[in-house]
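Visitor: Hello! I would like a close look at a single part of this protein, with its surroundings explained step by step.

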Amino acid sequence: MKFIGFFLLWRLLGNPFLALLVILVVVYLLDRRYVGVFPSITKPFKRMSKISKLRSEIALNYNDVSSKYQLARLLMERKKYKEALPILEKIQEPYEHSAEYWSDLGTVLLNLGSIDQGEVYILKGLDINPKVKYGEPYLRLAGVYQNQDRDKAQHYVRQFQTIQSSSSEACYLLGMMYKALDRKEDAKSAFQESIDIYRTLPKYKKRQERKWAVLSLLRKLT
């Protein structure tokens, strides 16, 4: 059926490469509308625009702590951890009791190689709120130790499991962690659980979780 569609487009457009391009664009648009596996083309540009706007706002009002935190998070998304670190360190006092702040600061330090201190800060955030970021910091710590201390890595995986047990995304992330730990059967089980959970979700939740169910299916098949 796909080949017939490609052939008809080829005949209609008179160029096989143009026909293939049209098919790829349609697939991309359908994915962005209904699944979300492919990355957004526009998101990086929107993020850069937001970063520029925040820098301007901070230049006008240096004490705008909220804008500084937003800027640091956007820099983290761009993996600009060295730029994000001093911003986060300067706003520590007003976010002293924020679990998300300590998780973010710890994540930055982990990515800069300061594993011990990063772990301390992430655990501080989890102590304030064990469900911060839906338990994802536990997997971040597990990822750090997967090749250094497998017992510790698996401890953090188990901690994550106590937080998340009914989310397609959580099971997918868990499967990826098991795969990294070379626990292949556990990884397959986690991917299958991600798919099974998706099937039981109400319609309004399926759009949100569909990406992870699809990724789990692909991982399970490979």
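In which helix is the place of Ala180? Please take me from there to whatever lies around that helix.

Guide: Happy to. Please keep in mind that this is a predicted model. Ala180 has its place in helix 10, which covers residues 168-180. With a relative accessible area of 30%, Ala180 is partly exposed, because that class lies between the 20% limit for buried and the 50% limit for exposed. Leaving out residues up to four places away in sequence, Ala180 touches Gln146 and Arg150. Its C-alpha atom is separated by 8.0 Å from that of Gly143, although the two residues are 37 apart along the chain.

Gly143 brings us to the partner helix, since Gly143 belongs to helix 8. In the packing of these two helices, Leu139, Ala142 and Gly143 of helix 8 meet Leu173, Leu174 and Met177 of helix 10. Sorted by class, this contact holds five nonpolar residues and one polar residue, with no charged ones. Two packed helices are described by the angle between their axes and the distance between the axes. Here the angle is about 10 degrees and the axes are 10 Å apart. Helix 8 and helix 10 are therefore roughly parallel to each other, a term used for angles under 35 degrees.

Now let us turn to the largest pocket, whose volume is about 1,300 Å³. Of the 32 residues lining this pocket, the closest to its centre are Glu136, Arg140, Glu169, Leu173 and Trp212. Leu173 is thus a residue we have already met in the contact with helix 8. Helix 8 (136-145) and helix 10 each supply at least two residues of the lining, as do helix 3 (43-60), helix 4 (65-77), helix 6 (99-111), helix 9 (150-163) and helix 12 (203-221). While the contact of helix 8 with helix 10 has no charged residues, the pocket lining divides into 13 charged, nine polar and 10 nonpolar residues.

Finally, go past the end of helix 10 to the loop between helix 10 and helix 11 (184-200), where you will find Asp182. Most residues other than glycine have a negative phi, and most peptide bonds are trans. Asp182 is not a glycine, yet has a positive phi of about 65 degrees. At 51% relative accessibility, Asp182 counts as exposed, because the limit for that class is over 50%. Lys79, in the loop between helix 4 and helix 5 (81-90), also has a positive phi of about 65 degrees without being a glycine. Lys79 is exposed too, with a relative accessible area of 59%.

Definitions and conventions: Residues numbered from 1 in each chain as written. Predicted model: local features only at pLDDT ≥ 70, side-chain atom pairs only at ≥ 80, totals over all residues. Heavy atoms only, no water. Helix = DSSP H or I, 4+ residues; strand = E, 2+ residues; numbered from the N terminus. Buried < 20%, exposed > 50% of the residue type's maximum accessible area, 1.4 Å probe, protein only. Contact = heavy atoms within 4.5 Å. 1 Å grid on protein atoms, 1.4 Å probe; cavity = no way out; pocket = protein on both sides within 12 Å on 5 of 7 lines; lining within 4 Å. Points joined across faces, edges and corners; volume = space filled by probe spheres on them. Nonpolar A, V, L, I, M, F, W, Y, C, P; charged D, E, K, R; others polar. Axes fitted to C-alpha atoms, helices over the stretch in contact; angles between N-to-C directions. Parallel < 35°, antiparallel > 145°, perpendicular 65-115°, else oblique.
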